[in-house]
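Reader: I would like the terms used for this model justified one by one. Please set each value against its criterion.

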Amino acid sequence: METCELNAPEQLLEVNDLRTHFFLHEGTVRAVDGVSFSVCCGRTLGVIGESGCGKSVTAQSILRLVPEPPGKIVGGSICLYMPAKEGEAGKVLDIAKMTAGGEEIRSVRWKEISMVFQEPMTSLSPVHTVGDQIVEAMMLHLPGMEKEQAREQAIGLLDSVGIPKADKFIDAYSYQLSGGMRQRAMVAMALSCNPRLLIADEPTTALDVTIAAQMLALLQELKADRNMAMLYISHDLAVISEVSDDVMVMYLGVAVEVAEADEVFRHPMHPYTQALWRSIPSLEGELARLEPIAGTVPGPYVVHPGCRFFARCESAMAGKCNVAEPALVEVAPGHKVRCFLYSDRAEEPRADVETAQG
Ligand code: SF4
């Protein structure tokens, strides 16, 4: 494993070469296969890619929620910066080295990093009231928190996420609520311990367009009010362009392009990013037929000797792109791309994968 160090003081989380694999009877699924990125204080990193590209497994790895077995973090580091407090110096923790379900990771969840899941109906307990779930989280993770005080704060939180009559709503069960209200309750719960980083994994997917727009506006408002960082996962380009300061495009378990949001949207460089952009409608210019991305995503057990996008890439160079995997390199200040069109650099061989399986 790599040493856990942060490269810049404003960084809150730095993920280096993260690899999370699933060892199944049918073969090994390399769901996350060498992902590196950082999230800075107060900024939103939008993660975009097709279903199965490893977005959610990356998020679950950060909170050590990947079921072990069959999943396992086989390489890389997840460095979380802990600021100085109560006479204690600031330090950097490596979440990848913590025991899943252990004391250390439990002290990180909720208070440092919290998560809003895609489907609130399966994330909220159907046999406990919304209030009881928020109060329990606060009493477990905030030392000295009394039940009455937690309930009062929970009502304030529900109110702040736009739930009317929060003092009544707090005693409702999740099945009594609409999808939008459930998702607001999930956001209130995720914010209950005042996390520094909120991971939002497709939080608007199950909502209709109007409610989804309200939810996006709410998350941005809360983020600004609390000076919180956010990792926002979506397959929807419009949503990512709306919420993100920085963007990471993922394909088959790796990051293929990382840059500030404006830069990625104005100057997409990787052929996959360009193809994604061409596949969405534009309000500008003449009406044109949308271009789907050719081919399909390869099966999960396929091992790629070269570039993972080779079979679908219009610019593929046979004899080069299918022989070695390109490295993610900086091609302009702050703009990284994984493609031989911009660099000749190939990835290092992956000794750690062999070790982990053996
Ligand atoms: Fe296409 Fe080759 Fe670039 Fe891969 S490395 S995206 S195959 S041009």
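Author: The model is a predicted one, and the turns below take up the ligand site, the two sheets and some backbone details.

Reader: How do you know which residues surround the ligand?

Author: A residue counts if one of its heavy atoms lies within 4 Å of the ligand. The residues that surround the ligand are H270, P271, C307, F310, C313, S315, A316, C321, P326, C339, F340 and L341.

Reader: What makes the shell around the ligand nonpolar, polar or charged by class?

Author: The shell has 10 nonpolar residues, 2 polar ones and no charged ones. Cys and Pro count as nonpolar here, so C307 and P271, both among the surrounding residues, fall in that class.

Reader: Where does the ligand sit?

Author: The ligand sits in the largest cavity. To say so, more than half of its atoms must lie within 2 Å of the grid points of that cavity.

Reader: What is the strand order in the open sheet of 8 strands?

Author: The order is β6-β7-β8-β3-β9-β10-β12-β11, and the pairing is mixed.

Reader: Why are β6 and β11 said to stand at the edges?

Author: β6 (113–116) and β11 (329–332) each have a single partner strand, so one side of each lacks a neighbour in the sheet. From one strand to the next, the twist averages 20°.

Reader: How do you know that β6 and β7 pair?

Author: Pairing needs at least two bridges. β6 and β7 (residues 197–201) have 4 bridges in the parallel sense, so they pair by that criterion. One bridge partner in β7 is L198, set against S114.

Reader: What makes helix α7 a helix that packs on the sheet?

Author: Contact means heavy atoms within 4.5 Å. Helix α7 (residues 179–191) touches β6 and β7, and its direction makes about 175° with that of β6. Angles run from 0 to 180 degrees between N-to-C directions, so this value describes a helix that runs nearly opposite to β6.

Reader: Which strands does helix α11 lie across?

Author: Helix α11 (residues 271–278) lies across β9 (246–251) and β10 (254–260), at about 100° to β9.

Reader: What is the strand order in the open sheet of 4 strands, and which strands stand at its edges?

Author: The order is β2-β1-β4-β5, with antiparallel pairing. β2 (27–40) and β5 (91–94) are the edge strands, because each has a single partner and so one side without a neighbour in the sheet. Neighbouring strands are turned by 10° against each other on average, direction ignored.

Reader: How many bridges join β1 to β2?

Author: Strand β1 (residues 11–24) and β2 run antiparallel and are joined by 10 bridges. The pairing criterion is at least two bridges, so β1 and β2 meet it. L13 stands opposite V39 in β2. Helix α1 (residues 55–62) lies across β1, β2 and β4 (71–82), and runs at about 110° to β1.

Reader: Which peptide bonds are called cis, and where do they lie?

Author: The bond from E68 to P69 is cis, with omega near -15°. The bond that joins P69 and P70 is also cis, with omega about 10°. P69 lies in the loop between α1 and β4, and P70 lies in that loop too.

Reader: What phi does D17 have?

Author: D17, in strand β1, has a positive phi of about 50° although it is not a glycine.

Definitions and conventions
Residues numbered from 1 in each chain as written. Predicted model: local features only at pLDDT ≥ 70, side-chain atom pairs only at ≥ 80, totals over all residues. Heavy atoms only, no water. 1 Å grid on protein atoms, 1.4 Å probe; cavity = no way out; pocket = protein on both sides within 12 Å on 5 of 7 lines; lining within 4 Å.
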